[in-house]
Amino acid sequence: MSIKRHMRKAATLAVAALFSGSVFAEGELFFYNWVDYTPPELIKKFEEETGVKVTVDTYDSNETLLAKLKSGATGYDVVVPSQNFVTIMISEGMLEKIDVKGMSNYGNVDDRWKNPAWDPTQDYSAPWQMGSTSFSINMDGYDGPGNSLKEFFEPSDALKGKVQVFKTPDEVIPLALMYLGLPQCNESPEDMKKVQELLLKQKESVKTYNSETMVANLTNGEVLMSSHWDGYSMKNRLDSKMDSLKYVHPKEGIIGWFDSLVVPKGAPNKENAEKFINFMMDAKNGAELSNFNRYASPLKAAAVGDHLDPTLGTAPEINIDPNIPVHFSETCSAKATKLYDRVWTKLLQ
Amino acid sequence: MGLGPAILTIFAFMVIPIFILGVFSFMPADPYGGVDKGFSYEAWVQLFFERDLDDSLIFDPVYLQIIFRSIVLAVLATITTLAVGFPVAWYIVQQPAKKRELLLFLVTIPFWTNLLIRAYAWILILGKNGMIEKPLYGLGIIDESLELMYGNLAIGLGLVYSYIPLMILPIYASLEKLDFGLIEAAHDLYAKRYSVIRKIVIPLCLPGIIAGCILVFVLSLGDFISPSILGGGKKMMLSNLIQFQFSSARNWPFGGALTMLLLIMVGIGSFFYIRVLGKREEIK
């Protein structure tokens, strides 16, 4: 049968394509980053400057990244965990030491982010972007003030079935604890019971739990309110020309995060990884990164100044009122993680 | 000799990974993913019981409910694909040889694209202002969204669409071998259409039907793209639960136990298939 013969041919070609990738392994860099978080122009610029071929792969949560690395997925040279996951990866011996401090562009890093709490001697990580986690509302036709976590966790009837929530407990439960005024990394079953009740109540209004599709869903009106990150929400507002999209800085507080570049143990192209990390600490490149992602730059304001898109300086999303408490998620104990897991399973039961 | 490579492949890529998962399910969980050394049946206890604060065990159906829902959904998907797939296979088999090859080829086309991408394509079709809603708005037939996405309908459509070729192909294969003379003979003997199908067609192509049903059932049971992308991820299915254990929950032993359970269920299904076929051979 002729189809069979074609299939065999196609299979041979597919196998050949799989192996051809490794022929040029010398000048390569495998970059594993969050979805929609890598400016293509910068990658192109890096490729032109160094001759290194970059392959970008994406993930949707810190947990996915950790699980992938834990499962022994080697082959990634640079990955981008948030602060609490940098701590985990260091303590688990999952990272290569890199000489960040010795790099020529290290001087551009803002002093506040040198030797950060999650990597006190900065032997493993270099800054990428920082921002906050909260939620956004399409204010068009919405009559709430857009300033409280109450609007997110106890949505009004107008938002029924129009809410999108991130799909990992790690990004949702800290905000819920903040709203309820309970301690973070909570090990108390009574407290977590309250969180569970709150989330179950919220679920009546939830359309989808997803950490990737909020831009599309907010833009086409599938949802009116969604979990969001500050810069991504700003990008959403500008790219989709949605002036009515408001990123909420809740008065109860906001979750802060800081993403870093790290090199996983056994990375095949460590030298290229270091080249890339230094490249990203260059003032102009760092500014372009923020111009693309719309997140605040961890580089010195004086260094990035001229290259930074001026709209970033005044954007409502990334300029937080100093009276609003910012909480940086830390690494929770196994006991707390187990409770979070229970709450989440019960939520999606 | 000839089977050597096949056995080696199955051993290396199936038996060993399953064995590792099985072993993992009897080890304590490392809080950051992976497992610690030692022996523990905690993961298997967790399937049925919740540990209270004082360490006493309380029966807890939360995971069983998720498993039960997955089975119901997989059964529904199987019935629907059979209802749609059988007539399609029947139609194809009655076409002239040239056209038949073309039609079969068309049935396999969806397999050329990644399942994930096909799921996203459904978002474009079912979503707000998507390909279904837009013309209806334009014609004034609807004035508010049909809310097709993010619900059981979308999950069902996704599953049926994804796996229907796996129902059509085996049924086609068995229909192709069917001696149409038998059907003519039945008609000559005044059998009604219904009894022809029930007494001749279905029994003769039963192996194809069962094979199709098992393929669709097993894959639907393990599918996590449809529930999480098209269904909105509001209700976990067995596969989402397994994925969750390996990612957020960082409880690999429990993920392993759930996977073993899934395998056991699939194994029971296949066992019955072989039993049914074996019985038929005996009768012959």
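How are α7(B) and α10(B) oriented to each other, roughly parallel or roughly antiparallel? Keep that in mind as you open the structure, which is a predicted model.

**Stop 1: a helix pair in chain B**

Select residues 152-176 of chain B for helix α7, then residues 206-222 of chain B for helix α10. The two helices pack with their axes 7 Å apart, at an angle of about 160 degrees. An angle over 145 degrees counts as roughly antiparallel, so that is how α7(B) and α10(B) run relative to each other. Their crossing is right-handed.

Now show the side chains where the pair meets. On α7(B), the residues to pick include B:L159, B:Y163, B:L166 and B:M167. Facing them from α10(B) are, among others, B:I209, B:L215, B:V216 and B:L219. Colour the contact by residue class and you should find 14 nonpolar residues, four polar ones and no charged ones.

**Stop 2: the two domains of chain B**

Stay in chain B and colour domain 1 (16-60 + 251-284) and domain 2 (66-237) separately. Their C-alpha centres lie 30 Å apart. Seven residues from domain 1 of chain B and seven residues from domain 2 of chain B make up the contact. On the domain 1 side, five of the residues are nonpolar, two are polar and none is charged.

**Stop 3: the two domains of chain A**

Move to chain A, where the assignment gives domain 1 as 26-129 + 258-314 and domain 2 as 131-256 + 320-347. Here the C-alpha centres of the two domains are 26 Å apart. The contact brings 14 residues of domain 1 of chain A together with 13 residues of domain 2 of chain A.

Which elements should you highlight on the domain 1 side of chain A? Pick α3 (62-70) and α4 (83-91) of chain A, the elements that give two or more residues to the side touching domain 2. The largest share, four residues, comes from α4(A). By class, this side of domain 1 has four nonpolar, seven polar and three charged residues.

**Stop 4: a glycine in a loop**

Next, select A:G107, which sits in the loop between α4 and β4 (125-138) of chain A. Because A:G107 has 13 C-beta neighbours inside 10 Å, this glycine counts as partly exposed. For a sense of scale, draw a distance from the C-alpha atom of A:G107 to that of A:S240: the separation is 36 Å, for residues 133 apart along the chain.

**Stop 5: a mostly covered helix**

Select residues 230-239 of chain A, helix α9, where seven of 10 residues are buried. Among the buried ones are A:Y232, A:M234, A:N236 and A:R237. To see what covers the buried residues of α9(A), add β4, α8 (214-219), β7 (225-229), β8 (245-248) and α11 (283-293) of chain A, which are included in that cover. Just after α9(A), look at the backbone of A:K241, which takes a positive phi of about 50 degrees.

**Stop 6: where chain A meets chain B**

Finally, show both chains together. How many residues of each chain are in contact? Chain A contributes 29 residues and chain B 25. On the chain A side, α3, α6 (169-180), β6 (206-209) and α14 (334-347) each supply at least two residues. Select α14(A) in particular: this helix gives the most to the side that touches chain B, with six residues. Coloured by class, the chain A side shows 11 nonpolar, nine polar and nine charged residues.

Key. Residues numbered from 1 in each chain as written. Chains lettered and ligands numbered in written order. Predicted model: local features only at pLDDT ≥ 70, side-chain atom pairs only at ≥ 80, totals over all residues. Domains from an automatic or database assignment. Contact = placed C-beta atoms within 7 Å. Nonpolar A, V, L, I, M, F, W, Y, C, P; charged D, E, K, R; others polar. Axes fitted to C-alpha atoms, helices over the stretch in contact; angles between N-to-C directions. Parallel < 35°, antiparallel > 145°, perpendicular 65-115°, else oblique. Left-handed = near helix turned anticlockwise from the far one by under 90°. Buried ≥ 20, exposed ≤ 12 C-beta atoms within 10 Å, placed from the backbone.
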